[in-house]
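Subject: Structure handover

Hello,

Here is the structure I promised to pass on. Please have it open while you read, as my notes follow it piece by piece.

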Amino acid sequence: MKKKIKIGYIGLGRRGLAVLQNCIADMKDVEVHTICDTYEPVLEKTNNILLEKGCKKAIETVNYHDVLNNPEIDAV
């Protein structure tokens with residue numbers, strides 16, 4: 001059994017970012033592996049939040065296919 005579930009997160013608008021910041025980033029058994037949004041400045045903001053919470057920096061992409069086609073990701 002895996003120690004952490006690797007997730008890909010698509011859509012980091014107002015709600016998406018709030019859920020990531022207030023819920024997902026605090027889960028000890030979840031790793032945010034890849035983040036995706038078409039608005040690039042939010043990707044940097046999201047990684048800053050992850051780092052502040054003690055999480056690893058996530059891979060950034062603007063193409064959701066990168067998330068869906070990545071075999072390392074367990075959930076989207």
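Is lysine 56 buried or exposed? Lysine 56 is exposed, at a relative accessible area of 56%. Keep in mind that this is a predicted model.

**Salt bridges**

I found 3 salt bridges in the structure. Lysine 56 takes part in one of them, with glutamate 31 as its partner, at 3.4 Å from N to O. This pair links distant parts of the chain. Lysine 56 sits in the loop between α2 and β3, while glutamate 31 belongs to strand β2, 25 residues apart. The two ends differ in burial: glutamate 31 has 16% relative accessibility, so it counts as buried, whereas lysine 56 is exposed. The cut-off for buried is under 20%.

Another bridge joins the side chains of lysine 53 and aspartate 26, with an N to O distance of 3.1 Å. Lysine 53 is in the loop between α2 and β3, and aspartate 26 is in the loop between α1 and β2, so the bridge ties together parts 27 residues apart in sequence. Both ends are partly exposed: lysine 53 at 33% and aspartate 26 at 38%.

Lysine 6 and glutamate 72 also meet through their side chains, at 3.8 Å from N to O. Here the sequence separation is 66 residues. Lysine 6 is in strand β1, and glutamate 72 is in the segment after α3 (64-68). Lysine 6 is partly exposed, at 24%. Glutamate 72 is partly exposed too, at 43%.

**The core**

Now the interior. The largest nonpolar core has 15 residues. Tyr9, Leu12, Val32 and Ile35 have the most contacts inside it. Two or more residues come from each of β1 (5-10), α1 (14-22), β2 (30-36) and α2 (40-52). α2 gives the most, with 4 residues. In general, nonpolar side chains in soluble globular proteins tend to be buried together.

What does isoleucine 35 touch? Leaving out residues up to four places away in sequence, its contacts are Tyr9, Leu12, Leu43, Thr46, Asn47, Ala58, Ile59, Glu60 and Thr61.

**The strands**

β2 is mostly covered, with 7 of its 7 residues buried. It pairs with β1 in the parallel sense, over 6 bridges. Within the pairing, glycine 8 stands opposite threonine 34 of β2.

**Helix α2**

Start with its length. At 1.5 Å a residue, the 13 residues of α2 should span 18 Å. The end C-alpha atoms are 19 Å apart, which agrees.

Which residues of α2 are buried? They are Val42, Leu43, Thr46, Asn47, Ile49 and Leu50. These cover an arc of only 155° around the axis, so they lie on the same side of α2. As a rule, an α-helix has 3.6 residues a turn, so residues three or four places apart point the same way. The face turned away from the buried side carries exposed Glu44 and Glu52. The cover over the buried residues of α2 includes α1, β2 and β3 (59-61).

**Helix α1**

α1 buries Gly16, Leu17 and Leu20. Seen down the axis of α1, these residues fall within an arc of 95°, so they line one face of the helix. Arg14, Arg15 and Asn22 are exposed on the face turned away from the buried side of α1. Among the elements that cover the buried residues of α1 are β1, β2 and α2.

**After α2**

Two more residues deserve a look. Glycine 54, just after α2, takes a positive phi of about 85°. Cysteine 55 lies in the loop between α2 and β3. Its relative accessibility is 24%, so cysteine 55 counts as partly exposed. Setting aside residues up to four places away in sequence, cysteine 55 touches Ala25 and Leu50. Its C-alpha atom is separated by 9.7 Å from that of valine 30, and the two residues are 25 apart along the chain.

Over to you.

Best wishes

Key:
Residues are numbered from 1 along each chain as its sequence is written. This is a predicted model: local features need pLDDT of at least 70, side-chain atom pairs count only at pLDDT 80 or more; totals for chains, interfaces and linings use all residues. Side-chain values use heavy atoms; hydrogens and water are left out. A nonpolar core is a set of buried Ala, Val, Leu, Ile, Met, Phe, Trp, Tyr and Cys residues joined through side-chain atoms within 4.5 Å. Buried means under 20% relative accessible area, exposed over 50%, partly exposed in between (1.4 Å probe, protein chains only). Contact means heavy atoms within 4.5 Å. The expected span of a helix is 1.5 Å times one less than its number of residues. The arc is that of the directions from the helix axis to the C-beta atoms. A salt bridge is a side-chain nitrogen of Lys or Arg within 4 Å of a carboxyl oxygen of Asp or Glu. Two strands pair if DSSP finds at least two bridges between them.
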